[in-house]
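Subject: Structure for you to look at

Hi,

Here is the structure I promised to pass on to you. Have a look at it first, and then read on for my notes.

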Amino acid sequence: MGKVCFYETLGVSRTCTEVELKSAFRKAAMQFHPDRNPGDTTCEVKFKEVNEAYQCLSDPQKRSAYDRFGHAAFEQGNGFANGASDGFGASMGDIFDDLFGDVMGRRAGRGNGATRGSDLRYNLEITLEEAFAGKTANLTLPTSIACTACSGSGAKPGAKPRPCATCGGYGRVRAQQGFFSIERTCPHCHGQGEVIDNPCTTCSGTGRVTRERNLAVNIPAGVEDGTRIRLAGEGEAGVRGGPAGDLYIFIATKPHPFYQRDGADLFCRVPISMVQAALGGEIAVRTIDSSESQVKLPEGTQSGKQFKVRNKGMPVLRSREVGDLYIQVNVETPQNLTKRQRELLAEFESLSSNNTHPESSGFFAKMKDFFENLGN
């Protein structure tokens, strides 16, 4: 099956202008780009066809040859054999910079010297109580901000940057070798596209200066350890008036002396006396909201038993839901006994029966029987 006409592939007429051709390519490339259609082999094939068509038609010499001979102009033996393959690889960087640079944040305003600022990261440590209630954090950030003396242009007040004469303000220069063209960063303006003859003395022509900046950040209730908060445009200022980057705040929660967190639920380990465990009763437990909850212990409560206190955990981020608080009791063995206490415990032990300690009674006998039966 023969190749589809390059003009049909891009959906343009044979008399289309360079601007129309570029616009059609941009639309098609965005539609079939693999990043937007993961796993779609049909779009992947279409994307390659669109690239091949644009690579040919965007070059005046290749387009002229294609208009005269069609696809035969690039077949072996006619002097254009590698026109749609090697040339494609040589200048694809320029094509994708032009189409997707702004989307990916790699390029901002090429041709006018403006470059997007870098993203910043700030690690913020908060307490569990602050994560429960939320807070407004006041941050002091050393960062680059737009120079007020030159309003971010990089030029001395009253002066203006001029287009680079070497690259014509594009920021890249192209070297033609036969039917192949290779692009590289302009060595004169270093890819900025502009030259500043009279740079600002405050920022040395960069359009930004380093200062400490105060920022109030709202930390919502329910944030978890590792939560990332993005503040668009609060990062490093761009070069020569370019857009600012973003600020990413990473939340870390300090360890709590009493509570452990698992999602929206909280866990608290509470020691109780042997008598409390045996006779039962109530214990008062402080919750994360500083209130007090009564937990009822039944008679014969065993060590490790958990009791749930509903809706006394952490709030769920951007929701009205609230987790639970789990109280795990740990029966404490008495220490430093007096003589009388020992006598009472010994008397209690002598009066105990299998019903008093159902789990421990006969445990070793059962263990012995189990292992003896393994050998039979």
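Below is what turned up, grouped by region.

Before anything else, please keep in mind that this is a predicted model.

**The three-stranded sheet**

Let me begin with an open sheet of 3 strands, in the order β1-β9-β8 and with mixed pairing. Its edge strands are β1 and β8, each of which pairs on one side only. On average, neighbouring strands here are turned by 25° against each other, direction ignored.

How is β9 joined to β1 and to β8? Strand β1, residues 120–126, runs parallel to β9, and 7 bridges join the two. One residue pair to look for is Y122 in β1, whose bridge partner in β9 is I249. Strand β8, residues 228–231, runs antiparallel to β9 and is joined to it by 4 bridges. There, R228 stands opposite F250 of β9. As for β9 itself, which spans residues 247–253, the strand is mostly covered, with 5 of its 7 residues buried.

**The cysteines**

How many disulfides does the whole structure have? The search finds 0. C150, for instance, is in no disulfide, and its nearest cysteine sulfur, that of C203, is 3.7 Å away. A disulfide needs the two sulfur atoms within 2.5 Å. C150 is also buried, at 7% relative accessibility.

Why is C186 not bonded to C189? The closest cysteine sulfur to that of C186 is the one in C189, but at 3.7 Å it is too far away for a bond. C186 is buried too, with a relative accessible area of 1%.

**T287 and its surroundings**

T287 sits in the loop between β12 (281–286) and β13 (292–297). Is this residue buried or exposed? With a relative accessible area of 4%, T287 counts as buried.

The side chain of T287 makes polar contacts with two side chains that you may want to display:

- with the side chain of D289, at 2.4 Å;
- with the side chain of S291, at 2.7 Å.

Leaving aside residues up to four places away in sequence, T287 touches Y259, E292, S293, K312 and L325.

**Helix α4**

The last region is helix α4, residues 60–69, where the buried residues are K62, R63, A65 and Y66. These residues lie on the same side of α4, because they cover an arc of only 165° around the axis. On the other side of the helix, P60 and R68 are exposed.

Both ends of α4 have a detail for you to check. At the start, a side-chain oxygen of D59 comes to within 3.0 Å of the backbone nitrogen of Q61. After the helix comes G70, with a positive phi near 70°.

If you would like a short tour, you could start at β9, which pairs with β1 in parallel and with β8 in antiparallel fashion. From there, go to C186 and C189, whose sulfurs are 3.7 Å apart. Then move on to T287 in its loop between β12 and β13, and finish on the side of α4 where P60 and R68 are exposed.

Happy viewing, and do write back with any questions!

Best wishes

Notes
Residues numbered from 1 in each chain as written. Predicted model: local features only at pLDDT ≥ 70, side-chain atom pairs only at ≥ 80, totals over all residues. Heavy atoms only, no water. Buried < 20%, exposed > 50% of the residue type's maximum accessible area, 1.4 Å probe, protein only. Pairing = 2+ DSSP bridges. Polar contact = N/O pair within 3.5 Å; in protein donor to acceptor, adjacent residues only side chain to side chain. Contact = heavy atoms within 4.5 Å. Arc of directions from axis to C-beta. Axes fitted to C-alpha atoms, helices over the stretch in contact; angles between N-to-C directions.
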